[in-house]
Amino acid sequence: MIKDITKNICKLNVLIGILAICYCNVDCNAQSKLATENPKTPQTVSENGFPITKTYFSIVHPIVTFSDSGRNFNFDSGYTVGFPTGINFLQSEKVAFSLEFVPFISAEDGTSKVSGLLFHPGVIYRNIAGFNFLTRLAYNTNGRYGITAVINRPIVKRDKVTYFLATPIPIRFGNELPTSVTFAFQFGILF
């Protein structure tokens with residue numbers, strides 16, 4: 001049953017990716033056409049181009065979690081997937097602030113449920129040898145809290161959209177559970 005749920009979630013991930021790519025291509029083409037038709041549109045940013053606001057949507061798959069109770073792989077007894085959505089406030093080429101919300105869905109024993117909503121504010125240190133380094137605070141409705149370090153790399157940059165890969169490393173405490181460290185894989189689209 002978990003395999004069926006996992007297959008459906010994977011199909012949903014592919015569909016969302018295809019829709020996002022189609023939207024970005026249509027939006028980018030419309031924006032390019034508008035800019036060439038009306039080049040005297042007033043600018044709303046400072047001379048150096050900052051501040052800039054960007055939004056993003058992504059999918060995160062926890063891979064393995066380590067704690068005092070041992071090692072747990074995502075597919076061992078169930079499957080968990082998260083959908084990070086957020087806003088980045090780019091202040092310069094080197095620093096940005098980010099607000100992120102991540103609903104998590106867990107599938108186990110033939111049922112699925114929202115297992116928590118994570119509020120995930122943080123600071124982005126940008127363009128460090130082609131990578132971005134994020135430090136985030138973590139407050140989850142499931143009672144867990146902590147910090148998350150993220151290494152992020154843009155893989156495809158276009159005019160209006162950037163595709164990125166990331167490796168989040170959440171460290172969590174609380175809710176009468178042992179401290180845990182998780183390694184995850186994230187794919188996203190920045191608009």
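The numbered points below go through a predicted model of one chain, from its overall make-up to individual residue pairs.

1. Overall make-up. The chain contains one helix and 11 strands. Read from the N terminus, the helix comes at the start and the strands follow it, in the order α-β-β-β-β-β-β-β-β-β-β-β. The chain has 191 residues, of which 35% count as buried. Among contacts between residues at least 6 apart in sequence, 52% join residues at least 24 apart.

2. Nonpolar cores. In soluble globular proteins, nonpolar side chains tend to be buried together. Here the largest nonpolar core is made of 10 residues. Its members are Phe-50, Tyr-56, Leu-90, Ala-96, Ile-124, Leu-134, Val-150, Phe-164, Ala-166 and Leu-190. There is also a second core, separate from that one, with six residues, including Val-60, Leu-118, Ala-138 and Ala-184. Two members of the largest core, Tyr-56 and Phe-164, return in point 5, and Ala-138 of the second core returns in point 3.

3. The hairpin of S8 and S9. Strand S8 covers residues 131-140 and strand S9 covers residues 145-157. The two run antiparallel and are paired over eight bridges. Within this pairing, Ala-138 stands opposite Gly-146 in S9. Four residues lie between the two strands of this hairpin. One residue in the turn, Gly-143, has a positive phi of about 95°.

4. The hairpin of S9 and S10. S9 also pairs with strand S10, residues 162-173, again in the antiparallel sense. This pairing has 12 bridges. Ile-151 has Thr-167 in S10 as its bridge partner. S9 and S10 form a hairpin too, with four residues between them.

5. Aromatic pairs: Tyr-56 and Phe-164. Over the whole structure, a search finds seven aromatic pairs. One of them joins Tyr-56 and Phe-164, whose ring centres are 6.2 Å apart with 80° between the planes, an edge-to-face arrangement. Tyr-56 belongs to strand S1 (residues 52-67) and Phe-164 to strand S10, so this pair ties together parts of the chain that are 108 residues apart in sequence. Are these two residues buried or exposed? Tyr-56 is buried, because its relative accessible area of 5% is under the 20% cut-off. Phe-164 is buried as well, at 7% relative accessibility.

6. Aromatic pairs: Phe-101 and Phe-119. The ring centres of Phe-101 and Phe-119 are 5.2 Å apart and the planes meet at 35°, so this pair is tilted. Phe-101 lies in strand S5 (residues 95-108) and Phe-119 in strand S6 (residues 111-119), and the two residues are 18 apart in sequence. Phe-101 is partly exposed at 43% relative accessibility, and Phe-119 is partly exposed with a relative accessible area of 31%. Together with Tyr-139, Phe-101 and Phe-119 make up one aromatic cluster.

7. A charge over a ring. Arg-153 has its charged end over the ring of Phe-131, 4.9 Å from the ring centre.

8. The salt bridge. Side chains of opposite charge can pair when their charged atoms come close. How many salt bridges does a search of the whole structure find? The search finds one. Arg-136 and Glu-100 form a salt bridge in which the closest N and O atoms are 3.7 Å apart. Arg-136 is in strand S8 and Glu-100 in strand S5, so the pair ties together parts that are 36 residues apart in sequence. Arg-136 is buried, with a relative accessible area of 5%. Glu-100 also counts as buried, because its relative accessibility of 4% is under 20%.

9. Asn-72. This residue sits in strand S2, which covers residues 70-73. Asn-72 counts as partly exposed because its relative accessibility of 40% falls between the limits of 20% and 50%. Apart from its neighbours within four places in sequence, Asn-72 is in contact with Ile-63, Val-64 and Thr-65. From Asn-72 to Thr-182 the C-alpha to C-alpha distance is 9.2 Å, with 110 residues separating the two in sequence.

Technical notes. Residues numbered from 1 in each chain as written. Predicted model: local features only at pLDDT ≥ 70, side-chain atom pairs only at ≥ 80, totals over all residues. Heavy atoms only, no water. Core = buried A, V, L, I, M, F, W, Y, C linked by side-chain atoms within 4.5 Å. Buried < 20%, exposed > 50% of the residue type's maximum accessible area, 1.4 Å probe, protein only. Contact = heavy atoms within 4.5 Å. Pairing = 2+ DSSP bridges. Phe/Tyr/Trp six-rings, centres within 6.5 Å; stacked < 30°, edge-to-face > 60°. Lys NZ or Arg CZ within 6 Å of the ring centre and 35° of its normal. Salt bridge = Lys/Arg side-chain N within 4 Å of Asp/Glu carboxyl O.
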